[in-house]
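Grab a pen and open the viewer. Below are some short exercises, each with a solution worked step by step.

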Amino acid sequence: MSSIQPVRGTHDLIGEDRRRFAHVVETARRVVSLYGFDEWSTPVFEDTRVFSRSLGDTSDVVSKEMYTFEDRGGESLTLRPEGTAAICRALVTNGLTQSLPQKVFYAGPMFRYERPQKGRYRQFHQIGAELLGAAEPLADAEVIAMGRDVLRALGIEGETVLELNTLGDAASRDAWRSALIAYFSAHRADLSADSQSRLERNPLRILDSKDEKDRALVADAPMIAQYLTPDALAFWDGLRRTLDLMGVRFRENPRIVRGLDYYGHTAFEFVTSRLGAQGTVLAGGRYDGLVAEMGGPKTPAIGWAGGIERLSMLLESAPPEPRPVAVVPMGDEAQAASITVLQALRAADIRAETSYRGNMKRRMERANRMNATHAIVIGSDEIARGVAQVKNLDSGQQTEVRMEDIAAFLLAGTPERA
Ligand code: ATP
Ligand code: MG
């Protein structure tokens, strides 16, 4: 019978892959906690309107990447393609719009029907952070600095560059939008079919196009800088000043617009040259209109999301699992004593394993294969005297230790276990 394959664009996480993954999430959790962020967990599927209302119907995600289905009750549901809209929905439906600011971290799977390739999957995973209820540039700067600190704690800050842009306020964007429509209309015939249809509805989208033809035109398109209102410029100056103060280095890139429609003012991406076309590892911006789209009061907000697969690929290595201790009973009468020892070690937070069968020689081979630090060898003579032989498998040194003292002996000898 032929085996059933995993669905295209999905992947299993086993061994080293899983450890890299967990390291990214655990490191991010630790860093965001230093900034006062708490973790939220929202459902993997939502009412389709959570995403269709918020991401913009000309965005790639809504127009062609969503996993949308009707459930047995006839409701339209969507597997979440991103986390921000759902966090805003949760802020509103949990009645938290009056307890601001809220600083939220999340981690979990996201789903997009994309063409799978290195660094691009259909089920992928994100870590993300949202600061809801703060309108000041200091909030943007803290959120960006926190993203930088996550990369730093992962040891990959040096692999990335922070690219920063402003999208201005609504008035700035209206003026810019008109200029973009005029410019792209003059080159209409040279645009990709997708971008031709985006032209009137959302010309900013064209700036984020991955199509070669579009990219050539984008290079000479008008930039936001000349359309910024005094307010928008003051915000932009405030952000750059605060980042300087925090020692966060950035490169201004007027082409950063982000792939979703809800951004204003700040937009940023941490990019790397090591992952080919999939070079954005962590990205975000300010989205002051989104909570209102979810039926809440107008609430300023800023956040980012990082792709765990891409971050994992940049890691030098993952922290290894702790080395175990192997318990080796000699003969049937030692079986019961070895089980008692195993459970006592686990109760003392020591990773302890035993082989399920085999003679002494086999069991020692297995202890070496599992990279055990020690073998605890127990025979009938040891049982009679209430002791065990503790063999250090790195040095070969053997020590006789009283049964009840084994955990303390191991903890004292290997400070990293204590
Ligand atoms: P891209 O431009 O690469 O398509 P995006 O703008 O669609 O990215 P966001 O929606 O901002 O990405 O998601 C944040 C991060 O999540 C990205 O920077 C990336 O690291 C990761 N990401 C997005 N889509 C995928 C995917 N299909 N597979 C793996 N990681 C992804
Ligand atoms: Mg995308």
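## Exercise 1: Thr84 and Glu82

Thr84 counts as buried, at 6% relative accessibility (buried is under 20% relative accessible area, exposed over 50%, partly exposed in between, with a 1.4 Å probe and protein chains only). Before going on, note that this is a predicted model, where local features need pLDDT of at least 70, side-chain atom pairs count only at pLDDT 80 or more, and totals for chains, interfaces and linings use all residues. Residues are numbered from 1 along each chain as its sequence is written, chains are lettered from A and ligands numbered from 1 in the order in which they are written, and side-chain values use heavy atoms, with hydrogens and water left out.

Task: work out where Thr84 lies and what is in contact with Thr84.

Step 1. Find the element: Thr84 is in helix α4 (helices are DSSP runs of H or I with at least four residues, strands runs of E with at least two, numbered from the N terminus).

Step 2. Skip the neighbours within four places in sequence, and Thr84 is in contact with Tyr106, Glu130, Tyr262, Tyr287 and Leu290 (contact means heavy atoms within 4.5 Å).

Step 3. Now look at Glu82, which sits in the loop between β4 (76–79) and α4. Glu82 is buried too, with a relative accessible area of 4%. A polar atom of the Glu82 side chain lies 3.4 Å from the backbone nitrogen of Thr84.

Step 4. Check the record: the UniProt annotation "binding site", from an unreviewed entry, covers residues including Glu82, Thr84, Glu130 and Tyr262. Such annotations may be inferred rather than shown by experiment.

## Exercise 2: salt bridges

Task: which parts of the chain does the salt bridge between Arg89 and Glu46 tie together?

Step 1. Get the pair: the closest N and O atoms of Arg89 and Glu46 are 2.8 Å apart, forming a salt bridge (a side-chain nitrogen of Lys or Arg within 4 Å of a carboxyl oxygen of Asp or Glu).

Step 2. Place both ends: Arg89 lies in helix α4 (residues 84–93) and Glu46 in strand β2 (residues 45–47), so the pair ties together parts 43 residues apart in sequence.

Step 3. Check burial: both Arg89 and Glu46 are buried.

## Exercise 3: one more pair

Task: are Asp140 and Arg286 buried or exposed?

Step 1. Their side chains meet in a salt bridge, 2.6 Å from N to O.

Step 2. This pair links helix α5 (residues 137–153), home of Asp140, with strand β10 (residues 280–286), home of Arg286, 146 residues apart.

Step 3. Both Asp140 and Arg286 are buried.

Terms used. Polar contact = N/O pair within 3.5 Å; in protein donor to acceptor, adjacent residues only side chain to side chain.
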